[in-house]
Amino acid sequence: MSTTDIVRAWKNEDYLMSLNASELSALPQNPAGNIELAYNAADEHLRSISVGVPQTRCCSIVIECSASNCA
């Protein structure tokens with residue numbers, strides 16, 4: 001198994017699941033380990049998390065006008 005295929009198997013679960021038993025046995029352990037995020041529908045804390053998106057979308061822009069920058 002090539003290094004590219006190994007990394008692909010570590011990163012792509014669909015690809016990993018497509019490997020046969022022989023290929024799976026040749027696959028070394030991922031050095032980062034396995035990561036699982038357990039989600040419980042009752043866990044409001046997880047519902048409130050958003051990555052890179054502000055929770056509120058409130059903003060205003062104030063532009064001061066002077067003779068040099070306004071027509």
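Contact, as the word is used on this tour, means heavy atoms within 4.5 Å, and the model in your viewer is a predicted one.

Begin with the whole chain in a cartoon view, where the protein shows four helices and zero strands, following the pattern α-α-α-α when read along the sequence. If you then switch to a surface, the protein exposes about 6,600 Å², of which carbon and sulfur atoms supply 55%, while buried residues make up 8% of the 71 residues.

Next, select Ile6, Ala9, Tyr15, Leu19 and Leu27 and show their side chains, since these five residues make up the largest nonpolar core. Within that selection, centre on Ala9, which, leaving aside residues up to four places away in sequence, touches Tyr15, Leu16, Leu19 and Leu27.

From Ala9, move to one of its contacts, Leu16, whose place is in helix α2, spanning residues 13-18. Is Leu16 buried, exposed or partly exposed? Its relative accessibility is 23%, and because buried means under 20% and exposed means over 50%, Leu16 counts as partly exposed.

Now display the neighbours of Leu16: with residues up to four places away in sequence again left out, Leu16 touches Ala9, Leu24 and Leu27. To finish, draw a distance between the C-alpha atoms of Leu16 and Leu27, which lie 9.6 Å apart in space and 11 residues apart in sequence; Leu27 is also one of the residues that Ala9 touches, and it belongs to the largest nonpolar core.

Technical notes. Residues are numbered from 1 along each chain as its sequence is written. This is a predicted model: local features need pLDDT of at least 70, side-chain atom pairs count only at pLDDT 80 or more; totals for chains, interfaces and linings use all residues. Side-chain values use heavy atoms; hydrogens and water are left out. A nonpolar core is a set of buried Ala, Val, Leu, Ile, Met, Phe, Trp, Tyr and Cys residues joined through side-chain atoms within 4.5 Å. Buried means under 20% relative accessible area, exposed over 50%, partly exposed in between (1.4 Å probe, protein chains only). Helices (H or I, at least four residues) and strands (E, at least two) are DSSP runs, numbered from the N terminus. Accessible areas come from the Shrake-Rupley method with a 1.4 Å probe; for residues, only the protein chains shown count as cover.
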